[in-house]
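I opened this notebook to record what I looked up in the structure, entry by entry. The entries follow the order in which I consulted the model.

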Amino acid sequence: MAERFVTRGFGGRPRSAVGLAARIPPGQHLVTDFPVLSAGPTPRIDLATWELALSGLVRAPVKWSWPEFLALPAEEFTKDISCVTTWTKLDMRWRGVSVDTLLEHVELAPNALGLVAECHGGYTTNLLLSDAVNGQAFVAYEYDGKPLPPDHGGPGRLVVPHLYFWKSAKWLRALRVVDRDRPGFWESNGYHIRGDPWKEERYSGD
Amino acid sequence: MNTLQWQIATITKITPETAKVKSFTLSLPGWIKHRAGQHYDLRLTAPDGYRAQRSYSIASAPERTGEIDLTIERVEDGEVSTFLHQVVVPGDRVEVRGPIGGYFVWDATTSGGPVLLVAGGSGVVPMMSMLRHRAAVGAKVPVRLLYSSRTYDDVIYREELASLATGGVEIFHTLTRSQPAGWTGYARRIDDTMLAEVSRPFGASALTFICGPTPLVESAATSLERASLRADRIKTERFGPTGT
């Protein structure tokens, strides 16, 4: 019944051009600005002490300082991003290091299944390795040609464009390899364990 | 009925709060008790199947059964809020699902306190649910609300807030654009001094909720951290120009 419901008097905005509409997942709307959403205060992180760790179920954990991280092979990523709060922004231009490049520095344990992104401020989010490899995820340090500002997750944030934006953890400090897909912060607070916008996996149970 | 199932709510009452803000009372066939601070998703469907969906904070107390109030600001060029403000009349039906959200929530009987609330504009809506909840259960937890509005006429729930400011609830207004003659509240944007004055009696462990436009939330959260409030006791909810 709910599927056939029509809201009296609602026509909606003029529909986007066909090509554009095909890039906007269901229940999302297009924005042109870059909204900020975080669960707590914005941490201020000193680049002199900044570190990114790749730890957990790997043979030898790795840590990169800021200069070491910047020396890793970086790429430009132009991606569409969808936030569970229903905004979608097209063609966001990032620069960063792919998770594939990071993983080249370690040997994964045979039972490695997922990653936990651990952040300054205590935020965590979970990802399956199958959602993180093959160019699907990267650690960004530039947005639109400029250093990533703190309120958008700088110095470095994870970006996983094909999942809702809460998976793109701000203020990243570690990626921990794990053998189970356990819920992170929002996933423990009612949000979906995976968060695919095209399947509208917004909340746990969707 | 579960919180993720869409249901058809009937709008039974529309109450203007300010020139740009209205409260909508929704009667819910599948009402579920919410926690103060939670939201509902609301979606509109056009005859051709096109849909627009937004999240709106619940303004009413969880203790009110069978219906909820959503207080919604009309956003410039906002597809959903403009429709709700300009087209919807009592008796109309909309699809909603909820209550949703397990983080920016407060339970007067279990969450503890004291509670510091910092709100800007329609960011006061989830705080209102908390204050109404506190009153409904007769809790004694001390609560201070610092509420920033542009002008006197932009203050949402002005009279009800005044009546709620009793028995451990204190409300501090700041008006950033203009102030009426004889105004005794703050008259500037929220800053370090103001936050220090309002938060001081509660000390570093106050459970803090901040909701409003991004710049306000950013500066208030940073400022409270500088004032030594514990970051893990500060919960924020932000909305930008596109957040509605």
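**Entry 1: strand pairing in chain B.** I began with β2(B), which pairs with strand β5 (residues 67-73) of chain B in the antiparallel sense over seven bridges. I note that the model is a predicted one. For the register, I looked up Ser27(B), whose bridge partner in β5(B) is Glu67(B).

I then turned to strand β1 (residues 7-18) of chain B, which is joined to β2 (residues 21-27) by seven bridges and runs antiparallel to it. Here Ser27(B) in β2(B) is the bridge partner of Thr10(B). Ser27(B) therefore has a bridge partner in β5(B), Glu67(B), as well as one in β1(B), Thr10(B). I also checked the connection from β1(B) to β2(B), and found a hairpin through two residues.

**Entry 2: a loop residue of chain B.** Is Val88(B) buried or exposed? I located Val88(B) in the loop between α1 (79-86) and β6 (93-100) of chain B. Val88(B) counts as buried because 20 other C-beta atoms lie within 10 Å of its own, and the criterion asks for 20 or more.

Which residues are in contact with Val88(B), leaving aside its neighbours within four places in sequence? I found Ile11(B) and Phe83(B). I also looked up Ile14(B), which is 74 residues away from Val88(B) along the chain; their C-alpha atoms are separated by 8.9 Å.

**Entry 3: a helix of chain B.** I next examined helix α5 (residues 214-226) of chain B, which has 13 residues. From its first C-alpha to its last, α5(B) reaches 18 Å, close to the 18 Å expected at 1.5 Å a residue. I listed buried residues in α5(B), among them Leu216(B), Val217(B), Glu218(B) and Ala220(B). Ala221(B), Ser223(B) and Leu224(B) are buried as well. After α5(B) comes Ser228(B), for which I recorded a positive phi, near 75°.

**Entry 4: the sheet in chain A.** In what order do the five strands of the open sheet in chain A stand? I read the order as β3-β2-β11-β6-β7, with mixed pairing. At the edges I found β3 (62-65) and β7 (124-128) of chain A, each of which pairs on one side only. Direction ignored, neighbouring strands of this sheet are turned by 15° against each other on average.

I looked further at the β3(A) edge. Strand β2 (residues 51-56) of chain A runs antiparallel to β3(A), and four bridges join them. In this pairing Leu52(A) stands opposite Trp64(A) of β3(A).

How values were computed:
Residues are numbered from 1 along each chain as its sequence is written. Chains are lettered from A and ligands numbered from 1 in the order in which they are written. This is a predicted model: local features need pLDDT of at least 70, side-chain atom pairs count only at pLDDT 80 or more; totals for chains, interfaces and linings use all residues. Axes are lines fitted to C-alpha atoms, for helices over the stretch in contact, and angles run from 0 to 180 degrees between N-to-C directions. The expected span of a helix is 1.5 Å times one less than its number of residues. A residue is buried if 20 or more other C-beta atoms lie within 10 Å of its own, exposed if 12 or fewer, and partly exposed in between; C-beta atoms are placed from the backbone. Two residues are in contact if their C-beta atoms, placed from the backbone, lie within 7 Å.
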